[in-house]
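Trainee: Could we go through this structure together, with the reasoning behind each label?
Mentor: Gladly! Let's take a look.

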Amino acid sequence: MIALKYRSWKNTVVITFLFFGITMLANGCAGNSPSAESSTSESETADASTSSGNKETIRISIGTQDQVINTAVGGATVRELELLEKHLPNTGKYANVKYDIQWSSYTSGPPITNKMLADQIDIGLMGDFPAAINLVKFRQEGGDVKSTYIGTLAYSPNGAGNAVVVPKDSEVTSLAQLKGKSVSVPFGSAAHGMVLKALKDNGVDPDKDVQLISQAPEVGGTSLRTGQIDAHADFVPFGELFPFRGFAKKIYDGAQTGVPTLHGIVVRSDFAKKYPEIVVAYLEAVLEANQTFRAKPEEISAKIEEWSGIEKEVVYMFLGPSGLQPLDPTIRQVHVDALENSITTLSELGKVEGKVEPEKVPEWVDESYLKTAMKEMELDYQQVIKTAESYQITGKDALTEEPIKDPTMAAQLWIQDEPTVTNFASIGNMMKMLGQLQEEGKAADVMFVHDRDKGWKLFAENSYYVNDGKEISAFLLEQDAEQFAASSGGQVTAFKELQQNLASKTAPALVGTASSE
C-alpha cells in the first residue's frame, strides 16, 4: 500500500542573536503554540543606536511570524541564511558601526505592532489585516512617527490561503450546512473578514445562523480534533496544514471570495529615515531569499520545516511552483486593494477606532526602498513581477517524458526520502507511477493535483475527481466537480474511489491512502 507519510512537529526553533524559546505544537496542534513573543530585557529598552567606545552600535530589530509560511522567506530564511548580514552597508557612515540584529517571532501580528509602537521593533512582517491596523495605529498613537508599508512577501490576488476546515469525518461539505453550528476563527484576522463574507455569500447570517467563537490557530486545531467545534476558519498555512496532518478537510477556500490577501513588511518611519541604507539592505536580503527559494524550493522548504515546525510539504504547497501564494515583493494596486479592503472590514467589525478612510492607504506606502534594492542588485522591476507570476510547473512528465503544457492539469508526487518533487502532465500518469512505487516498496509523502477551473494547488487525497474517459480532472469542491461531470458526461469520484476504479483496469492495484494520526 502506498502511504502518505505523516510528519510530526519535532524541532525547536532557535532565534539567532536573541534568546527566544518556542514551545512547539505537538502532533497537530495538540499542545501549546509557540509564544515566540520574546526578547531580552536590554533590547526592550534599547534605542535604535548606541555608542560603544568609538564604535556606534545600530540595533536592527525585526518581528516575524515563523509559523505563518508567507513570512518565512522574509523572516526565517533571511535570518538563518544570514542574508541581512551579507547585504548590510559597511562603508561611509557605516564604516565604523556594530550591528545588533535582533529577531523575535510571534504567533500573530498585533504583538509586533505593540512593540513597534514601543520602539522595540523596527521592521515588522504581518498579514494584511494586522498591517492595516499597524498603519492606522501609528497614525493615531505614534505622534511624529508613522509606519510605512515597504514591500510584499507573498500574496494571492483572490484570497487563496485563507480557508474553512471541518473535522475529517464531518458530513459537512459546504458553508450552507454550517447553519446552527459553531465556527471558530481568530477575530480581527484576515480569516475573520473572509469567513464573514463567505457565510453571507452562501446565505448564512454570521450573527444569527452560526455561533462564531474567537480561537487562535493552535486552539482551533485542538478544538477540531476533540469535537468541540464544527468548523474552523484560519489564515496561512492552517487551512492546508490541518488537512495534511490528517484531522481536518477543507470545505471552503478563501479564493472563492475573490478578495486579495497578502503578507508584507512595515517599518517605523524614524528608523527608515535615519537608516535608509539598512532598509534597502533588508529588502535586498528578501530579494535574494526569493531567488534562493525558487532555485531550490524543496531544499528550502525542508529547511523552513526545521526552522518553523511547519511540514515541508505544506511550505512547498504555498510557495513552490504553481503554489497558492507567489513570492512577489512589489507593491501594486492589488496589494493596495488588499490593505484598503482590510481597513473597510476592520472598521465594520469595530476593530479600528475612529473614522479611517481606506483611500489614505496609498499615502502610507513607499516602494522607493524596494526599487533601490532592485537597482543595486541589477534587477528589472517588471522582470521581478514576471518571474513571480510565471513560477509554474514546467518540464517533462516523469513517466512519459511528454511536455507539461497545462499546470492546472499537472500532478506531483513527493516520493519519500527523495530530495525533489516528481512532476506529471496528468493525474492519470501520476496514478500509474503510484503503481510502480508500490512494486518497488516505496511511498509518497504527499500528492498534489490542481483544480481544473481555478488552478489552485490541492492535496490529491482531499479532492474530487471527474473521469470523462479522456482525462481526469481534479476539483476542490464537490459541486464544481458535479457541474463539470454533467457537462462532460463523466462521473464524480473521491480519491479512493478513483484509485479503485483505475486498479480494476490496471495491474498492479493503485492503492494510496493518507495515514491518520
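**Reasoning from values to labels**

Mentor: Let's start with Lys181, which is found in the loop between β7 (163-167) and β8 (182-185). Keep in mind that this is a predicted model.

Trainee: What makes Lys181 partly exposed?

Mentor: Its relative accessible area is 29%. Partly exposed covers the range between the buried cut-off of 20% and the exposed cut-off of 50%, so Lys181 belongs there.

Trainee: Which residues is Lys181 in contact with, leaving aside its neighbours within four places in sequence?

Mentor: They are Val172, Asp209, Val210, Gln211 and Asp230. Take Val210: it is 29 residues from Lys181 in sequence, yet their C-alpha atoms are 5.3 Å apart in space.

Trainee: Now to helix α8. Why is the pair of Phe238 and Phe242 called tilted?

Mentor: Their ring centres are 5.6 Å apart, and rings pair if their centres lie within 6.5 Å. The planes are 50° apart; stacked needs under 30 degrees and edge-to-face over 60, so the pair is tilted.

Trainee: How far apart are Phe238 and Phe242 along the helix?

Mentor: They are four residues apart in α8 (residues 238-244), so about one helical turn separates them.

Trainee: How do you know whether Phe238 and Phe242 are buried or exposed?

Mentor: Buried means under 20% relative accessible area. Phe238 has 3% and Phe242 has 0%, so both are buried.

Trainee: What about Glu240 in α8: is it buried or exposed?

Mentor: Glu240 has a relative accessibility of 2%, so by the cut-off of under 20% it is buried. Beyond its neighbours within four places in sequence, Glu240 is in contact with residues including Lys250, Asp253 and Phe459.

Trainee: Phe459 also has a ring. Which cluster do ring pairs link it into?

Mentor: The cluster holds Phe244, Tyr316, Trp414, Phe448 and Phe459. A search of the whole structure finds 11 aromatic pairs.

Trainee: What sits over the ring of Phe448?

Mentor: The charged end of Lys457 does, 5.1 Å from the ring centre. The distance limit is 6 Å, and 5.1 Å meets it. Lys371 lies over the face of Tyr381 in a similar way, at 5.2 Å from the ring centre.

Trainee: Why are α10 and α11 called roughly perpendicular?

Mentor: The axes of α10 (residues 276-295) and α11 (residues 297-308) cross at roughly 115°. The label covers 65 to 115 degrees, so these helices count as roughly perpendicular to each other. Residues of their contact include Phe293 of α10 and Ile304 of α11, and the contact divides into five nonpolar, two polar and one charged.

Trainee: What makes the bond between Val236 and Pro237 a cis peptide bond?

Mentor: Look at omega, which is about 0° there. Pro237 is found in the loop between β10 (231-234) and α8. Most peptide bonds are trans.

Trainee: What is notable about phi of Asp417?

Mentor: Phi of Asp417 is near 70°, a positive value in a residue other than glycine. Most residues other than glycine have a negative phi. Asp417 lies in the loop between β13 (411-415) and β14 (422-424), and its relative accessibility of 72% is over 50%, so Asp417 is exposed.

Conventions:
Residues are numbered from 1 along each chain as its sequence is written. This is a predicted model: local features need pLDDT of at least 70, side-chain atom pairs count only at pLDDT 80 or more; totals for chains, interfaces and linings use all residues. Side-chain values use heavy atoms; hydrogens and water are left out. Axes are lines fitted to C-alpha atoms, for helices over the stretch in contact, and angles run from 0 to 180 degrees between N-to-C directions. Helices (H or I, at least four residues) and strands (E, at least two) are DSSP runs, numbered from the N terminus. Angles under 35 degrees count as roughly parallel, over 145 as roughly antiparallel, 65 to 115 as roughly perpendicular and the rest as oblique. Contact means heavy atoms within 4.5 Å. Ala, Val, Leu, Ile, Met, Phe, Trp, Tyr, Cys and Pro count as nonpolar, Asp, Glu, Lys and Arg as charged, and the others, Gly among them, as polar. Rings of Phe, Tyr and Trp (its six-membered ring) pair if their centres lie within 6.5 Å; planes under 30 degrees apart count as stacked, over 60 as edge-to-face and the rest as tilted. Buried means under 20% relative accessible area, exposed over 50%, partly exposed in between (1.4 Å probe, protein chains only). A charge sits over a ring if NZ of Lys or CZ of Arg is within 6 Å of the ring centre and within 35 degrees of the ring normal.
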